[in-house]
Amino acid sequence: MKKIFLAIAIMSATANFLTAQEISNNALGLRLGDNDGFGGEISYQKKLSDINRLEVDLGYRDHKHYNAFKLSGIYQWVWNIDSGFNWYAGFGAGVGSWSIDNGFDTNYNDDGIFLNADGNIGIEYNFNAPFLISLDFRPEIGLIGDYGKDTDLDLALSVRYQF
C-alpha cells in the first residue's frame with residue numbers, strides 16, 4: 001500500500017512539475033481592468049511555441065448614453081521564474097468603435113473608430129488545477145480616432161481556464 005501511495009505521489013509531482021513549466025495550448029477567461037471604460041474583457045490565449053503565445057481580448061461597454069467595443073491582439077514572450085510562476089511581455093494593437101449619445105445636447109453626439117498600439121508586461125501563476133491567474137500592465141497609445149487618442153495605462157487582473 002505504501003508503494004502504491006509513493007508511486008502516485010511521484011507521478012503527481014512529476015506531472016505537476018512538467019505542466020507548471022509549459023504554456024497551456026489554450027486559455028479562456030476574463031481580464032478585469034479599467035481602461036477607457038472597458039472594465040471587463042473576454043480573454044483568449046493561444047500557444048504559438050514553447051515561449052510565445054497570442055492573446056486576444058474583446059471588451060464591450062454599454063452605458064445609458066455611451067457604448068463601445070474593443071478588440072486587442074498581443075504577441076507575448078513568456079519566461080519561467082519558478083515552478084508555476086511566469087512573467088511575460090509583448091506588443092500588439094487594438095481596434096474598436098464607440099458611440100456617444102448625450103441625450104440632452106445633440107451637439108455632443110459623437111462616434112467613430114479607433115486604433116491603438118499596445119504594450120504588455122505581467123506576471124502569472126499556474127495553479128495545479130487548470131486555472132491561471134495573472135496581473136498585467138498594458139500601456140495603449142492612440143494612433144487613429146478621437147476615442148483613446150492619448151496614452152492610456154491599463155492595469156488588469158485576469159482569471160483563465162486552461163485547456
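# Exercises on a predicted model

Let us begin with one residue: Asn52 sits in strand E3. Keep in mind as you work that this is a predicted model.

## Exercise 1: the surroundings of Asn52

Task: Decide whether Asn52 is buried or exposed, then find which residues Asn52 touches.

Solution.
- Step 1. Start with accessibility. The relative accessible area of Asn52 is 8%. Buried means under 20%, so Asn52 is buried.
- Step 2. Look for polar partners of the side chain. Asn52 and Ser49 are joined by a side-chain polar contact of 2.9 Å. Another polar contact, of 3.3 Å, joins the side chains of Asn52 and Tyr75.
- Step 3. Set aside residues up to four places away in sequence, and list what Asn52 touches: Ile23, Lys47, Tyr75, Gln76 and Trp77.
- Step 4. Follow two of these names further. Tyr75 and Trp77 belong with Phe91 to one aromatic cluster.

## Exercise 2: strands side by side

Task: Work out how many bridges join E3 to E4, and how many bridges pair E4 with E5.

Solution.
- Step 1. Take E3 and E4. These strands run antiparallel and are joined by 12 bridges.
- Step 2. Pick one bridge to look at in the structure. Arg61 has Ala68 in E4 as its bridge partner.
- Step 3. Check the turn. E3 and E4 form a hairpin, with two residues between them.
- Step 4. Move on to E4 and E5. Their pairing is antiparallel too, over 16 bridges. Here Ser72 stands opposite Gly94 in E5.
- Step 5. Check this turn as well. The hairpin of E4 and E5 has two residues between the strands, and Gly84 takes a positive phi near 85° there.

## Exercise 3: the nonpolar core

Task: Find which residues make up the largest nonpolar core and which strands each supply at least two of them.

Solution.
- Step 1. Name the members. The largest nonpolar core has five residues: Tyr66, Ala68, Trp98, Ile100 and Phe114.
- Step 2. Place them on strands. Strand E4 (66–82) and strand E5 (85–100) each give at least two residues to this core.
- Step 3. Look at a residue beside the core. Asp111 lies in strand E6 (residues 110–126) and is in contact with Trp98 and Ser99, leaving aside neighbours within four places in sequence.
- Step 4. Compare sequence and space. Asp111 and Ala68 are 43 residues apart in sequence, while their C-alpha atoms are 9.1 Å apart.
- Step 5. Check the accessibility of Asp111. Its relative accessibility is 53%; exposed means over 50%, so Asp111 counts as exposed.

## Exercise 4: charged pairs

Task: Say why the salt bridge of Asp136 and Arg31 ties together parts that lie apart in sequence, and find which residues are joined into one network.

Solution.
- Step 1. Recall the idea behind this exercise. Side chains of opposite charge can pair when their charged atoms come close.
- Step 2. Count. The structure holds 10 salt bridges.
- Step 3. Turn to one of them. Asp136 and Arg31 meet through their side chains at 2.6 Å, N to O. Asp136 is in strand E7 (residues 131–144) and Arg31 is in strand E1 (residues 26–35), so this pair ties together parts 105 residues apart in sequence. Asp136 and Arg31 are both buried.
- Step 4. Now take Glu41 and Lys70, whose side chains form a salt bridge at 3.5 Å, N to O. Glu41 is in strand E2 (residues 38–47) and Lys70 in strand E4, 29 residues apart. Glu41 is buried at 2% relative accessible area, and Lys70 is buried at 1% relative accessibility.
- Step 5. Add Arg138 and Asp57, whose closest N and O atoms are 2.8 Å apart in a salt bridge. This pair links strand E7, which holds Arg138, with strand E3 (residues 52–63), which holds Asp57, across 81 residues. Arg138 counts as buried at 0% relative accessibility, and Asp57 counts as buried at 0% too.
- Step 6. Join the pieces. Through salt bridges with shared partners, Arg31, Glu41, Lys70, Asp136, Glu140 and Asp154 form one network.

## Exercise 5: an aromatic pair

Task: State how many aromatic pairs the structure holds, and describe the one formed by Tyr125 and Phe127.

Solution.
- Step 1. The structure holds seven aromatic pairs.
- Step 2. In the pair of Tyr125 and Phe127, the ring centres are 5.0 Å apart and the planes are at 85°. Planes over 60 degrees apart count as edge-to-face, so this pair is edge-to-face.
- Step 3. Tyr125 is partly exposed at 32% relative accessible area, and Phe127 is partly exposed at 42%.

Note on methods. Residues are numbered from 1 along each chain as its sequence is written. This is a predicted model: local features need pLDDT of at least 70, side-chain atom pairs count only at pLDDT 80 or more; totals for chains, interfaces and linings use all residues. Side-chain values use heavy atoms; hydrogens and water are left out. A nonpolar core is a set of buried Ala, Val, Leu, Ile, Met, Phe, Trp, Tyr and Cys residues joined through side-chain atoms within 4.5 Å. Buried means under 20% relative accessible area, exposed over 50%, partly exposed in between (1.4 Å probe, protein chains only). Helices (H or I, at least four residues) and strands (E, at least two) are DSSP runs, numbered from the N terminus. A salt bridge is a side-chain nitrogen of Lys or Arg within 4 Å of a carboxyl oxygen of Asp or Glu. A polar contact is a pair of N or O atoms within 3.5 Å; within protein, one must be able to donate a hydrogen and the other to accept it, and residues adjacent in sequence count only if both atoms are side-chain atoms. Contact means heavy atoms within 4.5 Å. Two strands pair if DSSP finds at least two bridges between them. Rings of Phe, Tyr and Trp (its six-membered ring) pair if their centres lie within 6.5 Å; planes under 30 degrees apart count as stacked, over 60 as edge-to-face and the rest as tilted.
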